[in-house]
Amino acid sequence: MLSTLLAITFNFILVELLDYSYLPEQDIVIICIITMTVTPLLSWYLIGLFFKIDVMEVEMAKLATIDSLTNTYHRGYFYQKSDAYLSTLSALKQENQSALLVLDLDSLKQINDQFGHAGGDAVLIEFSRILLDVVKKPNMVARLGGDEFVVLFTQTSLEDAQAFAFDILARMRSTTLEFNGQPLSFSASIGVSSFTGDDEQALDAAIKSADSALYDVKRAGRNDVAVYKKNQA
Ligand SMILES: Nc1nc2c(ncn2[C@@H]2O[C@H](COP(=O)(O)OP(=O)(O)OP(=O)(O)O)[C@@H](O)[C@H]2O)c(=O)[nH]1
């Protein structure tokens, strides 16, 4: 429709211009037929190009924010979004009361060794599917790197975040993946912390605290949840 309109407009202008030229009528008709054919093709090509650029822009924006394997946020985007959230609370003079989980898959190296990298990837995909199922917006899940993830629960108590962590482990326990005809079970270790500050330092400190609780779980044998205690080293 748009291309036809463009072609008609263009040809109307062309005929007007050619009327003032000294070309024979037969040549004018041939020029008009050629332009009537070429203009729609050209305009369709330009419209196609425009939409292609649009789709590419959306794809590039997605690649910059979402980890393609796990569908969770990239670490950098997580910090950006958390920072924006905390700044909004601060601007509204609302007190922040957030909780954090830092999660790490147990023995992924061993899973990779036994089932191959594709088996490890299948575990990462299933684990993040469970996380995305449990964690609803505006809370966020991000992959910090490798097999380590972080969850930010906004305006949530430490106890509620701990309950979410146990729910995640329960779902993992009741999920057995089948990989190349073999059952593949998996678990994770989770550290929980909470924070009230409204800047990036407060967020960073909370991640470190949850990380230290997580390593207590690893030391104690994995597949459990630990809460960071204030005076813990
Ligand atoms: N399949 C797969 N493996 C990954 C990916 N990213 C990291 N890994 C592997 O994850 C493993 C993490 O190893 P470690 O940090 O030693 O931890 P772990 O084997 O999970 O053991 P614990 O954390 O101590 O329970 C390494 O072998 C990495 O190669 C990935 O995207 N896909």
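The following paragraphs lead through the sheet of this predicted model and the helices that accompany it.

A convenient place to begin is the sheet, which is open and is formed by 6 strands in the order E1-E3-E4-E2-E7-E8, with mixed pairing. Its edge strands are E1, covering residues 73–74, and E8, covering residues 225–227, each of which pairs on one side only. At the E8 end of that order, E8 is joined to strand E7, residues 188–195, and these two strands run in the parallel sense and pair over 3 bridges. Within this part of the sheet, isoleucine 190 stands opposite valine 225, a residue of E8.

From the strands one can turn to helix H5, residues 158–173, which lies across strand E2 (98–105), strand E4 (148–153), E7 and E8. The direction of H5 is at about 165° to that of E7.

Another part of the picture is a pair of packed helices. Such a pair is described by the angle between the two axes and the distance between them. Helix H3, residues 75–91, packs with helix H6, residues 200–219, at an angle of about 125°, and their axes are 10 Å apart. Because of that angle, H3 is oblique to H6. The crossing in which H3 passes H6 is right-handed. On the side of H3, the contact is made by Phe78, Tyr79, Ser82, Asp83 and Leu86, while H6 contributes Glu200, Leu203, Asp204 and Ile207. Sorted by class, the residues in this contact of H3 with H6 comprise 5 nonpolar, 1 polar and 3 charged.

Definitions and conventions. Residues are numbered from 1 along each chain as its sequence is written. This is a predicted model: local features need pLDDT of at least 70, side-chain atom pairs count only at pLDDT 80 or more; totals for chains, interfaces and linings use all residues. Side-chain values use heavy atoms; hydrogens and water are left out. Axes are lines fitted to C-alpha atoms, for helices over the stretch in contact, and angles run from 0 to 180 degrees between N-to-C directions. Helices (H or I, at least four residues) and strands (E, at least two) are DSSP runs, numbered from the N terminus. Angles under 35 degrees count as roughly parallel, over 145 as roughly antiparallel, 65 to 115 as roughly perpendicular and the rest as oblique. A crossing is left-handed if the near helix is turned anticlockwise from the far one by less than a right angle, and right-handed if clockwise. Contact means heavy atoms within 4.5 Å. Ala, Val, Leu, Ile, Met, Phe, Trp, Tyr, Cys and Pro count as nonpolar, Asp, Glu, Lys and Arg as charged, and the others, Gly among them, as polar. Two strands pair if DSSP finds at least two bridges between them.
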